[in-house]
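Colleague: Got a minute to go through this one with me? I'd like to know what backs up each label.

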Amino acid sequence: MADASCATTVSKALKINNDLTRYGAFAEIGAGQEVARHFFQAGMASQTIAKTISAYDMIVSDEIYGREANGRYVCEPRLEKMLGHEYTLLIERLSGPRGAKTCFFSFASTVATASSSSNKQSHGWMGVRFQATPGGPDNEIILHVRMLDRHRLQQQESLGILGVNLLYCAFYGLADTDSFVPQLVENLKEGQVVIDVIKFKGPAVGHFDNRLMNLELVRRGLAEAIMFSPKNEILNVADAVYGKSLLIQRGTFRPVTSTHIDVIQKGMAQMKADVKNMEGKDLEILPVMELTMHNLTTDGHVNESDFLARVEVLTSLGYHVMISNFRLFYTLKRFIRRYNQNLMALIIGASHLEKLFEESHYKNLEGGLLEGLGKLMEQKTKVYVYPHKTPDLCLTTKSFFPKAHLRHIYAYFVESKQIVDVSGCDETADYLHSSDVVKMIESGDSRWEQFVPQKVVSAIKSQKLFGFK
(Lines give C-alpha, C1' and ligand atoms only; values in the text may rest on other atoms or scores of the structure.)
Protein backbone atom coordinates (compact mmCIF):
# COMPACT_ATOMS: atom_id res chain seq x y z
CA MET A 1 0.00 0.00 0.00
CA ALA A 2 2.74 2.41 0.95
CA ASP A 3 4.44 4.40 -1.83
CA ALA A 4 7.90 5.86 -1.38
CA SER A 5 6.77 9.02 -3.15
CA CYS A 6 3.76 9.73 -0.93
CA ALA A 7 3.74 12.26 1.88
CA THR A 8 4.30 11.01 5.42
CA THR A 9 1.52 10.95 7.99
CA VAL A 10 3.23 13.72 9.95
CA SER A 11 3.62 15.95 6.89
CA LYS A 12 -0.06 15.47 6.03
CA ALA A 13 -1.09 16.44 9.56
CA LEU A 14 1.21 19.46 9.44
CA LYS A 15 -0.24 20.62 6.12
CA ILE A 16 -3.73 20.52 7.61
CA ASN A 17 -2.50 22.33 10.75
CA ASN A 18 -1.03 25.09 8.57
CA ASP A 19 -4.25 25.43 6.57
CA LEU A 20 -5.94 28.27 8.42
CA THR A 21 -9.27 27.57 6.72
CA ARG A 22 -9.68 24.20 8.50
CA TYR A 23 -10.90 24.01 12.10
CA GLY A 24 -12.61 21.18 13.86
CA ALA A 25 -13.28 18.71 16.67
CA PHE A 26 -12.04 15.15 17.24
CA ALA A 27 -14.12 12.56 19.09
CA GLU A 28 -12.47 9.15 19.39
CA ILE A 29 -13.78 6.20 21.39
CA GLY A 30 -12.10 2.85 21.84
CA ALA A 31 -8.44 3.24 20.86
CA GLY A 32 -7.32 6.54 22.39
CA GLN A 33 -6.58 9.79 20.62
CA GLU A 34 -4.93 7.94 17.76
CA VAL A 35 -5.78 10.45 15.03
CA ALA A 36 -5.68 13.65 17.08
CA ARG A 37 -2.21 12.84 18.47
CA HIS A 38 -0.69 13.03 14.97
CA PHE A 39 -1.87 16.62 14.74
CA PHE A 40 -0.51 17.43 18.19
CA GLN A 41 2.85 15.84 17.35
CA ALA A 42 3.10 17.59 13.98
CA GLY A 43 2.96 21.03 15.64
CA MET A 44 0.68 24.06 15.17
CA ALA A 45 -2.29 21.93 16.28
CA SER A 46 -3.99 24.92 17.90
CA GLN A 47 -4.68 26.21 14.39
CA THR A 48 -6.71 23.10 13.56
CA ILE A 49 -8.10 21.55 16.74
CA ALA A 50 -10.94 23.26 18.56
CA LYS A 51 -11.61 20.25 20.81
CA THR A 52 -10.70 16.62 21.38
CA ILE A 53 -12.73 14.14 23.43
CA SER A 54 -12.57 10.46 24.42
CA ALA A 55 -15.83 9.44 26.09
CA TYR A 56 -14.77 5.94 27.21
CA ASP A 57 -17.25 5.50 30.04
CA MET A 58 -20.52 4.15 28.67
CA ILE A 59 -22.67 6.33 30.89
CA VAL A 60 -20.70 9.42 29.92
CA SER A 61 -20.85 8.45 26.25
CA ASP A 62 -24.61 7.85 26.40
CA GLU A 63 -25.11 11.16 28.19
CA ILE A 64 -23.33 13.01 25.40
CA TYR A 65 -24.52 11.12 22.31
CA GLY A 66 -27.59 9.21 23.45
CA ARG A 67 -28.04 5.48 23.92
CA GLU A 68 -28.37 3.14 20.94
CA ALA A 69 -31.52 1.02 20.83
CA ASN A 70 -29.42 -2.13 20.44
CA GLY A 71 -27.01 -1.11 23.21
CA ARG A 72 -24.01 -1.19 20.88
CA TYR A 73 -21.25 1.42 20.77
CA VAL A 74 -19.19 0.33 17.77
CA CYS A 75 -21.80 0.85 15.07
CA GLU A 76 -22.71 3.24 12.29
CA PRO A 77 -25.57 5.00 14.14
CA ARG A 78 -23.21 5.82 17.03
CA LEU A 79 -20.67 7.27 14.60
CA GLU A 80 -23.36 9.42 12.96
CA LYS A 81 -24.44 10.75 16.36
CA MET A 82 -20.87 11.59 17.28
CA LEU A 83 -20.25 13.40 14.00
CA GLY A 84 -23.54 15.28 14.21
CA HIS A 85 -23.18 16.30 17.85
CA GLU A 86 -19.64 17.66 17.54
CA TYR A 87 -20.28 19.36 14.20
CA THR A 88 -23.44 21.08 15.44
CA LEU A 89 -21.62 22.39 18.54
CA LEU A 90 -18.86 23.84 16.38
CA ILE A 91 -21.30 25.66 14.14
CA GLU A 92 -23.33 26.97 17.08
CA ARG A 93 -20.31 28.19 19.04
CA LEU A 94 -17.90 29.36 16.36
CA SER A 95 -19.76 30.29 13.16
CA GLY A 96 -20.17 33.85 14.47
CA PRO A 97 -16.56 34.72 15.28
CA ARG A 98 -14.87 32.75 12.48
CA GLY A 99 -17.50 31.25 10.15
CA ALA A 100 -16.80 33.65 7.26
CA LYS A 101 -13.28 32.30 6.74
CA THR A 102 -13.42 28.78 8.21
CA CYS A 103 -14.40 25.38 6.86
CA PHE A 104 -15.53 23.53 9.98
CA PHE A 105 -15.23 19.77 10.39
CA SER A 106 -15.83 17.03 12.93
CA PHE A 107 -13.88 13.79 12.93
CA ALA A 108 -15.14 10.77 14.88
CA SER A 109 -14.27 7.13 15.39
CA THR A 110 -15.77 4.38 17.52
CA VAL A 111 -13.51 1.36 17.65
CA ALA A 112 -13.03 -2.00 19.37
CA THR A 113 -9.43 -3.16 19.38
CA ALA A 114 -8.55 -6.72 20.37
CA SER A 115 -5.43 -8.56 21.44
CA SER A 116 -4.08 -11.57 19.55
CA SER A 117 -5.30 -13.87 22.35
CA SER A 118 -8.89 -12.63 22.06
CA ASN A 119 -11.62 -14.11 19.86
CA LYS A 120 -13.16 -10.68 19.37
CA GLN A 121 -13.06 -8.78 16.10
CA SER A 122 -10.88 -5.67 15.96
CA HIS A 123 -13.00 -3.22 13.96
CA GLY A 124 -14.56 0.21 13.99
CA TRP A 125 -16.37 3.05 12.24
CA MET A 126 -14.57 6.24 11.28
CA GLY A 127 -15.79 9.37 9.54
CA VAL A 128 -15.55 13.09 8.86
CA ARG A 129 -18.27 15.70 8.41
CA PHE A 130 -16.94 18.84 6.80
CA GLN A 131 -17.56 22.04 4.89
CA ALA A 132 -15.83 22.41 1.52
CA THR A 133 -16.25 26.20 1.60
CA PRO A 134 -16.72 28.61 4.55
CA GLY A 135 -20.39 28.66 5.52
CA GLY A 136 -21.14 25.94 2.99
CA PRO A 137 -23.28 22.81 3.39
CA ASP A 138 -21.89 19.82 5.24
CA ASN A 139 -20.49 16.75 3.51
CA GLU A 140 -19.62 13.37 4.93
CA ILE A 141 -17.32 10.42 4.32
CA ILE A 142 -17.50 7.37 6.58
CA LEU A 143 -15.66 4.03 6.65
CA HIS A 144 -15.99 0.68 8.33
CA VAL A 145 -12.58 -0.81 8.98
CA ARG A 146 -11.17 -4.05 10.39
CA MET A 147 -7.65 -3.99 11.82
CA LEU A 148 -5.64 -7.11 11.03
CA ASP A 149 -2.53 -6.49 13.12
CA ARG A 150 -2.18 -8.90 16.05
CA HIS A 151 -1.41 -6.39 18.77
CA ARG A 152 -3.43 -3.42 20.04
CA LEU A 153 -0.59 -0.92 19.65
CA GLN A 154 -0.22 -1.86 16.00
CA GLN A 155 -3.97 -1.58 15.49
CA GLN A 156 -3.97 1.86 17.09
CA GLU A 157 -1.11 2.98 14.87
CA SER A 158 -2.90 1.89 11.69
CA LEU A 159 -6.05 3.68 12.87
CA GLY A 160 -4.10 6.89 13.36
CA ILE A 161 -2.58 6.72 9.88
CA LEU A 162 -5.93 5.92 8.27
CA GLY A 163 -7.67 8.77 10.12
CA VAL A 164 -5.10 11.34 8.98
CA ASN A 165 -5.39 10.02 5.43
CA LEU A 166 -9.18 10.32 5.57
CA LEU A 167 -9.01 13.97 6.62
CA TYR A 168 -6.31 14.71 4.04
CA CYS A 169 -8.39 13.11 1.26
CA ALA A 170 -11.53 14.96 2.36
CA PHE A 171 -9.73 18.32 2.28
CA TYR A 172 -7.40 17.90 -0.71
CA GLY A 173 -8.24 14.69 -2.57
CA LEU A 174 -11.78 15.06 -3.89
CA ALA A 175 -10.99 16.13 -7.45
CA ASP A 176 -9.91 12.70 -8.75
CA THR A 177 -12.18 9.82 -7.79
CA ASP A 178 -9.72 7.26 -9.20
CA SER A 179 -6.92 8.27 -6.81
CA PHE A 180 -9.06 8.58 -3.67
CA VAL A 181 -8.77 4.97 -2.46
CA PRO A 182 -5.00 4.70 -3.11
CA GLN A 183 -4.46 7.94 -1.15
CA LEU A 184 -6.70 6.67 1.64
CA VAL A 185 -4.33 3.78 2.37
CA GLU A 186 -1.01 5.54 1.87
CA ASN A 187 1.65 4.67 4.49
CA LEU A 188 -0.28 1.54 5.50
CA LYS A 189 1.24 -1.87 4.86
CA GLU A 190 -0.57 -4.51 2.88
CA GLY A 191 -2.62 -6.67 5.21
CA GLN A 192 -2.93 -4.10 8.01
CA VAL A 193 -6.53 -3.07 7.42
CA VAL A 194 -9.70 -4.12 5.65
CA ILE A 195 -12.02 -1.31 4.55
CA ASP A 196 -15.33 -2.97 3.73
CA VAL A 197 -17.65 0.06 3.67
CA ILE A 198 -17.13 3.56 2.33
CA LYS A 199 -19.93 6.11 1.95
CA PHE A 200 -20.01 9.62 0.55
CA LYS A 201 -22.76 12.15 1.16
CA GLY A 202 -23.08 15.85 0.30
CA PRO A 203 -22.65 18.23 -2.66
CA ALA A 204 -18.84 18.34 -2.48
CA VAL A 205 -18.67 14.55 -2.94
CA GLY A 206 -21.66 14.16 -5.25
CA HIS A 207 -19.40 12.97 -8.08
CA PHE A 208 -18.44 9.88 -6.04
CA ASP A 209 -20.70 6.90 -6.80
CA ASN A 210 -20.93 4.90 -3.57
CA ARG A 211 -21.43 1.64 -5.44
CA LEU A 212 -18.37 2.10 -7.65
CA MET A 213 -16.20 3.25 -4.76
CA ASN A 214 -17.09 0.16 -2.74
CA LEU A 215 -16.47 -2.02 -5.78
CA GLU A 216 -13.02 -0.40 -5.96
CA LEU A 217 -12.33 -1.60 -2.42
CA VAL A 218 -12.99 -5.18 -3.51
CA ARG A 219 -11.05 -4.78 -6.75
CA ARG A 220 -7.99 -3.57 -4.85
CA GLY A 221 -8.26 -6.34 -2.27
CA LEU A 222 -9.01 -3.90 0.57
CA ALA A 223 -12.37 -5.60 1.13
CA GLU A 224 -13.21 -9.28 0.78
CA ALA A 225 -16.85 -8.57 -0.01
CA ILE A 226 -19.40 -5.75 -0.14
CA MET A 227 -23.18 -5.90 0.02
CA PHE A 228 -26.07 -3.89 -1.41
CA SER A 229 -29.58 -3.82 0.05
CA PRO A 230 -32.79 -4.04 -2.01
CA LYS A 231 -32.83 -0.23 -1.68
CA ASN A 232 -29.41 -0.14 -3.39
CA GLU A 233 -27.74 0.98 -0.13
CA ILE A 234 -24.24 -0.02 0.92
CA LEU A 235 -24.38 -2.41 3.90
CA ASN A 236 -21.81 -3.64 6.35
CA VAL A 237 -21.83 -7.41 5.69
CA ALA A 238 -21.42 -8.26 9.38
CA ASP A 239 -24.52 -6.27 10.32
CA ALA A 240 -26.54 -7.47 7.32
CA VAL A 241 -26.08 -11.20 8.03
CA TYR A 242 -26.22 -11.05 11.83
CA GLY A 243 -28.81 -13.38 13.36
CA LYS A 244 -30.15 -14.64 10.02
CA SER A 245 -30.01 -17.84 8.01
CA LEU A 246 -28.34 -17.30 4.63
CA LEU A 247 -29.20 -18.63 1.19
CA ILE A 248 -26.60 -17.66 -1.42
CA GLN A 249 -26.86 -18.11 -5.17
CA ARG A 250 -23.74 -17.35 -7.22
CA GLY A 251 -23.97 -16.33 -10.85
CA THR A 252 -23.18 -13.77 -13.52
CA PHE A 253 -26.84 -12.58 -13.65
CA ARG A 254 -26.15 -10.97 -17.02
CA PRO A 255 -29.13 -10.82 -17.09
CA VAL A 256 -31.02 -12.49 -14.27
CA THR A 257 -33.38 -15.08 -15.76
CA SER A 258 -36.60 -16.78 -14.69
CA THR A 259 -34.43 -19.82 -13.87
CA HIS A 260 -32.40 -17.78 -11.36
CA ILE A 261 -35.62 -16.69 -9.67
CA ASP A 262 -36.97 -20.25 -9.52
CA VAL A 263 -33.66 -21.46 -8.10
CA ILE A 264 -33.76 -18.97 -5.21
CA GLN A 265 -37.48 -19.57 -4.56
CA LYS A 266 -37.09 -23.34 -4.36
CA GLY A 267 -34.03 -22.85 -2.19
CA MET A 268 -36.07 -20.65 0.15
CA ALA A 269 -38.75 -23.33 0.46
CA GLN A 270 -36.13 -25.97 1.31
CA MET A 271 -34.37 -23.70 3.79
CA LYS A 272 -37.55 -22.82 5.68
CA ALA A 273 -38.03 -26.51 6.42
CA ASP A 274 -34.37 -27.01 7.33
CA VAL A 275 -34.29 -23.99 9.63
CA LYS A 276 -37.34 -25.24 11.48
CA ASN A 277 -35.81 -28.70 11.92
CA MET A 278 -32.30 -27.59 12.85
CA GLU A 279 -32.91 -24.43 14.85
CA GLY A 280 -36.23 -25.42 16.40
CA LYS A 281 -37.58 -21.97 15.61
CA ASP A 282 -38.21 -19.65 12.71
CA LEU A 283 -35.25 -17.47 11.76
CA GLU A 284 -35.26 -14.80 9.12
CA ILE A 285 -33.79 -16.12 5.87
CA LEU A 286 -31.68 -13.72 3.85
CA PRO A 287 -31.52 -14.62 0.14
CA VAL A 288 -28.36 -13.22 -1.44
CA MET A 289 -27.33 -13.02 -5.08
CA GLU A 290 -23.53 -13.17 -5.21
CA LEU A 291 -21.24 -12.08 -8.03
CA THR A 292 -17.49 -12.60 -7.87
CA MET A 293 -14.99 -10.07 -9.19
CA HIS A 294 -14.00 -12.79 -11.66
CA ASN A 295 -17.53 -12.69 -13.11
CA LEU A 296 -17.41 -8.88 -13.37
CA THR A 297 -14.01 -8.66 -15.00
CA THR A 298 -13.19 -8.83 -18.72
CA ASP A 299 -9.54 -8.60 -19.83
CA GLY A 300 -8.61 -7.37 -16.35
CA HIS A 301 -11.12 -4.51 -16.38
CA VAL A 302 -14.56 -3.96 -14.89
CA ASN A 303 -17.26 -2.48 -17.11
CA GLU A 304 -18.75 -0.02 -14.62
CA SER A 305 -22.05 0.59 -16.43
CA ASP A 306 -22.56 -3.17 -16.82
CA PHE A 307 -21.83 -3.69 -13.11
CA LEU A 308 -24.26 -0.96 -12.04
CA ALA A 309 -26.97 -2.33 -14.31
CA ARG A 310 -26.69 -5.83 -12.84
CA VAL A 311 -26.78 -4.56 -9.26
CA GLU A 312 -29.72 -2.25 -9.94
CA VAL A 313 -31.76 -4.99 -11.59
CA LEU A 314 -31.11 -7.53 -8.82
CA THR A 315 -31.87 -5.09 -6.01
CA SER A 316 -35.03 -3.91 -7.79
CA LEU A 317 -36.25 -7.51 -7.58
CA GLY A 318 -35.91 -7.33 -3.79
CA TYR A 319 -32.63 -9.22 -3.33
CA HIS A 320 -29.49 -8.42 -1.43
CA VAL A 321 -26.43 -8.46 -3.69
CA MET A 322 -22.92 -9.41 -2.62
CA ILE A 323 -19.76 -8.72 -4.62
CA SER A 324 -16.84 -10.83 -3.44
CA ASN A 325 -13.27 -11.92 -4.13
CA PHE A 326 -14.04 -15.56 -3.27
CA ARG A 327 -13.31 -17.91 -6.15
CA LEU A 328 -14.02 -21.05 -4.09
CA PHE A 329 -17.06 -21.71 -1.93
CA TYR A 330 -15.11 -22.74 1.17
CA THR A 331 -13.47 -19.29 1.33
CA LEU A 332 -16.91 -17.65 1.11
CA LYS A 333 -18.19 -19.92 3.88
CA ARG A 334 -15.19 -19.09 6.09
CA PHE A 335 -15.85 -15.35 5.60
CA ILE A 336 -19.54 -15.66 6.53
CA ARG A 337 -18.74 -17.75 9.61
CA ARG A 338 -16.78 -14.83 11.00
CA TYR A 339 -20.12 -13.10 11.62
CA ASN A 340 -22.83 -15.76 11.52
CA GLN A 341 -23.14 -19.29 12.93
CA ASN A 342 -26.68 -20.02 11.73
CA LEU A 343 -27.74 -22.33 8.91
CA MET A 344 -26.18 -21.34 5.60
CA ALA A 345 -26.83 -22.86 2.19
CA LEU A 346 -25.15 -22.37 -1.17
CA ILE A 347 -27.50 -23.23 -4.01
CA ILE A 348 -26.09 -24.43 -7.34
CA GLY A 349 -27.30 -26.01 -10.55
CA ALA A 350 -26.69 -29.75 -10.75
CA SER A 351 -24.25 -29.24 -13.62
CA HIS A 352 -21.92 -27.40 -11.19
CA LEU A 353 -21.44 -30.45 -8.96
CA GLU A 354 -18.65 -31.48 -11.31
CA LYS A 355 -16.80 -28.21 -10.56
CA LEU A 356 -17.33 -28.66 -6.83
CA PHE A 357 -15.56 -32.03 -7.04
CA GLU A 358 -12.81 -30.89 -9.41
CA GLU A 359 -9.55 -31.69 -7.61
CA SER A 360 -7.50 -29.02 -9.42
CA HIS A 361 -9.51 -26.30 -7.67
CA TYR A 362 -8.00 -27.35 -4.35
CA LYS A 363 -4.38 -27.85 -5.40
CA ASN A 364 -3.17 -25.03 -3.13
CA LEU A 365 -4.44 -26.86 -0.04
CA GLU A 366 -2.23 -29.44 1.63
CA GLY A 367 -5.19 -31.78 2.00
CA GLY A 368 -6.45 -31.12 -1.52
CA LEU A 369 -10.13 -31.66 -2.29
CA LEU A 370 -10.78 -33.44 1.00
CA GLU A 371 -9.54 -30.41 2.97
CA GLY A 372 -11.47 -27.98 0.77
CA LEU A 373 -14.77 -29.83 1.11
CA GLY A 374 -14.10 -30.38 4.80
CA LYS A 375 -13.77 -26.61 5.24
CA LEU A 376 -16.97 -26.05 3.29
CA MET A 377 -19.23 -28.70 4.79
CA GLU A 378 -20.27 -28.80 8.42
CA GLN A 379 -23.47 -29.34 10.35
CA LYS A 380 -24.95 -25.93 9.55
CA THR A 381 -23.64 -25.52 6.01
CA LYS A 382 -25.41 -27.20 3.11
CA VAL A 383 -25.17 -27.27 -0.66
CA TYR A 384 -28.60 -27.18 -2.26
CA VAL A 385 -28.79 -28.62 -5.77
CA TYR A 386 -31.29 -27.39 -8.37
CA PRO A 387 -32.07 -29.72 -11.32
CA HIS A 388 -30.29 -28.94 -14.59
CA LYS A 389 -32.97 -29.83 -17.09
CA THR A 390 -32.73 -29.78 -20.89
CA PRO A 391 -34.98 -31.33 -23.59
CA ASP A 392 -32.66 -34.35 -23.56
CA LEU A 393 -31.81 -34.97 -19.88
CA CYS A 394 -32.23 -33.82 -16.30
CA LEU A 395 -29.34 -33.76 -13.85
CA THR A 396 -29.80 -34.04 -10.07
CA THR A 397 -27.65 -35.31 -7.20
CA LYS A 398 -28.62 -38.85 -8.22
CA SER A 399 -27.25 -38.49 -11.76
CA PHE A 400 -23.85 -37.12 -10.77
CA PHE A 401 -20.99 -39.59 -10.62
CA PRO A 402 -17.61 -38.16 -9.60
CA LYS A 403 -14.33 -39.97 -10.27
CA ALA A 404 -14.23 -43.44 -8.75
CA HIS A 405 -11.90 -42.52 -5.87
CA LEU A 406 -14.18 -39.60 -4.91
CA ARG A 407 -17.52 -41.42 -4.97
CA HIS A 408 -17.44 -42.49 -1.33
CA ILE A 409 -16.78 -38.86 -0.31
CA TYR A 410 -19.71 -37.66 -2.41
CA ALA A 411 -21.95 -40.42 -1.05
CA TYR A 412 -21.08 -39.38 2.50
CA PHE A 413 -22.19 -35.78 1.93
CA VAL A 414 -25.41 -36.85 0.20
CA GLU A 415 -26.30 -39.40 2.86
CA SER A 416 -25.60 -36.91 5.65
CA LYS A 417 -27.92 -34.46 3.84
CA GLN A 418 -25.25 -31.83 3.41
CA ILE A 419 -25.74 -32.00 -0.36
CA VAL A 420 -29.50 -31.88 -0.97
CA ASP A 421 -31.83 -31.73 -3.98
CA VAL A 422 -34.30 -28.85 -3.71
CA SER A 423 -36.62 -30.01 -6.47
CA GLY A 424 -37.43 -32.89 -8.77
CA CYS A 425 -37.26 -32.74 -12.54
CA ASP A 426 -41.05 -32.69 -12.91
CA GLU A 427 -41.30 -29.46 -10.90
CA THR A 428 -38.84 -27.44 -13.00
CA ALA A 429 -38.68 -26.04 -16.52
CA ASP A 430 -35.65 -26.25 -18.80
CA TYR A 431 -32.58 -24.58 -17.29
CA LEU A 432 -31.96 -21.23 -18.97
CA HIS A 433 -28.55 -19.58 -18.76
CA SER A 434 -27.96 -15.83 -18.93
CA SER A 435 -25.92 -16.39 -22.09
CA ASP A 436 -28.96 -17.97 -23.78
CA VAL A 437 -30.97 -14.79 -23.20
CA VAL A 438 -28.13 -12.55 -24.39
CA LYS A 439 -27.89 -14.54 -27.63
CA MET A 440 -31.62 -14.05 -28.21
CA ILE A 441 -31.36 -10.32 -27.54
CA GLU A 442 -28.36 -9.92 -29.85
CA SER A 443 -30.07 -11.85 -32.65
CA GLY A 444 -33.29 -9.86 -32.33
CA ASP A 445 -35.30 -12.87 -31.14
CA SER A 446 -38.20 -11.36 -29.16
CA ARG A 447 -38.79 -14.61 -27.26
CA TRP A 448 -36.16 -13.51 -24.73
CA GLU A 449 -38.86 -11.51 -22.94
CA GLN A 450 -40.54 -14.76 -21.87
CA PHE A 451 -37.48 -15.87 -19.95
CA VAL A 452 -36.75 -12.94 -17.64
CA PRO A 453 -38.85 -11.11 -15.01
CA GLN A 454 -40.89 -8.16 -16.28
CA LYS A 455 -38.75 -5.65 -14.34
CA VAL A 456 -35.72 -7.03 -16.14
CA VAL A 457 -37.44 -6.67 -19.52
CA SER A 458 -38.18 -3.02 -18.76
CA ALA A 459 -34.61 -2.35 -17.59
CA ILE A 460 -33.04 -3.98 -20.65
CA LYS A 461 -35.25 -2.02 -23.03
CA SER A 462 -34.97 1.35 -21.29
CA GLN A 463 -31.20 1.14 -20.75
CA LYS A 464 -30.44 -0.82 -23.95
CA LEU A 465 -28.51 -3.47 -22.03
CA PHE A 466 -26.84 -6.63 -23.32
CA GLY A 467 -26.93 -5.60 -26.97
CA PHE A 468 -30.63 -4.61 -27.08
CA LYS A 469 -31.32 -2.17 -29.92
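**Reasons behind the labels**

Modeller: Let's begin in a loop: N232 lies between β7 and β8. Bear in mind that this is a predicted model.

Colleague: What makes the phi of N232 worth a remark?

Modeller: Phi of N232 is about 70°, so a positive value, and N232 is not a glycine.

Colleague: Why is N232 called partly exposed?

Modeller: Its relative accessible area is 23%. Buried would need under 20% and exposed over 50%, so N232 falls in between and counts as partly exposed.

Colleague: How do you know that β7 and β8 pair?

Modeller: Pairing takes at least two bridges, and β7 and β8 have two, in the antiparallel sense. F228 stands opposite I234 in β8. The two strands form a hairpin with five residues between them, and N232 sits in that turn.

Colleague: What about β7 and β13, how many bridges join them?

Modeller: Four, with the strands running antiparallel. Set against the cut-off of at least two, that counts as a pair. A225 is the residue opposite S324 in β13.

Colleague: Which way do the residues of β7 point?

Modeller: A225 and M227 point one way, I226 and F228 the other, and all are buried. Buried here means under 20% relative accessible area.

Colleague: Where else is there a positive phi outside glycine?

Modeller: At N187, with phi near 70°. N187 belongs to the loop between α6 (177-184) and β6 (193-201). With a relative accessible area of 23%, N187 is partly exposed.

Colleague: Why is the peptide bond from R254 to P255 called cis?

Modeller: Its omega is near 0°. P255 is found in the loop between β9 (245-250) and α9 (258-279).

Colleague: Now the whole chain. How many helices and strands does it have?

Modeller: 17 helices and 18 strands.

Colleague: And what makes you call the chain as compact as a globular protein of that length?

Modeller: The radius of gyration is 25 Å, and the globule rule gives 23 Å for 469 residues; those are close, so the label holds. The C-alpha trace spans about 80 × 55 × 45 Å along its principal axes.

Colleague: How much of the chain counts as buried?

Modeller: 55% of the 469 residues. As for the accessible surface, it comes to about 21000 Å², with 51% belonging to carbon and sulfur atoms.

Colleague: And how far apart are the mean positions of the positive and negative charges?

Modeller: 2 Å, for 53 positive and 52 negative charges.

Methods: Residues are numbered from 1 along each chain as its sequence is written. This is a predicted model: local features need pLDDT of at least 70, side-chain atom pairs count only at pLDDT 80 or more; totals for chains, interfaces and linings use all residues. Side-chain values use heavy atoms; hydrogens and water are left out. The radius of gyration is taken over C-alpha atoms; the globule rule is 2.2 Å times the number of residues to the power 0.38. Buried means under 20% relative accessible area, exposed over 50%, partly exposed in between (1.4 Å probe, protein chains only). Accessible areas come from the Shrake-Rupley method with a 1.4 Å probe; for residues, only the protein chains shown count as cover. Lys and Arg count as positive and Asp and Glu as negative; His and the chain ends are not counted. The place of a charge is taken as NZ of Lys, CZ of Arg, CG of Asp or CD of Glu.
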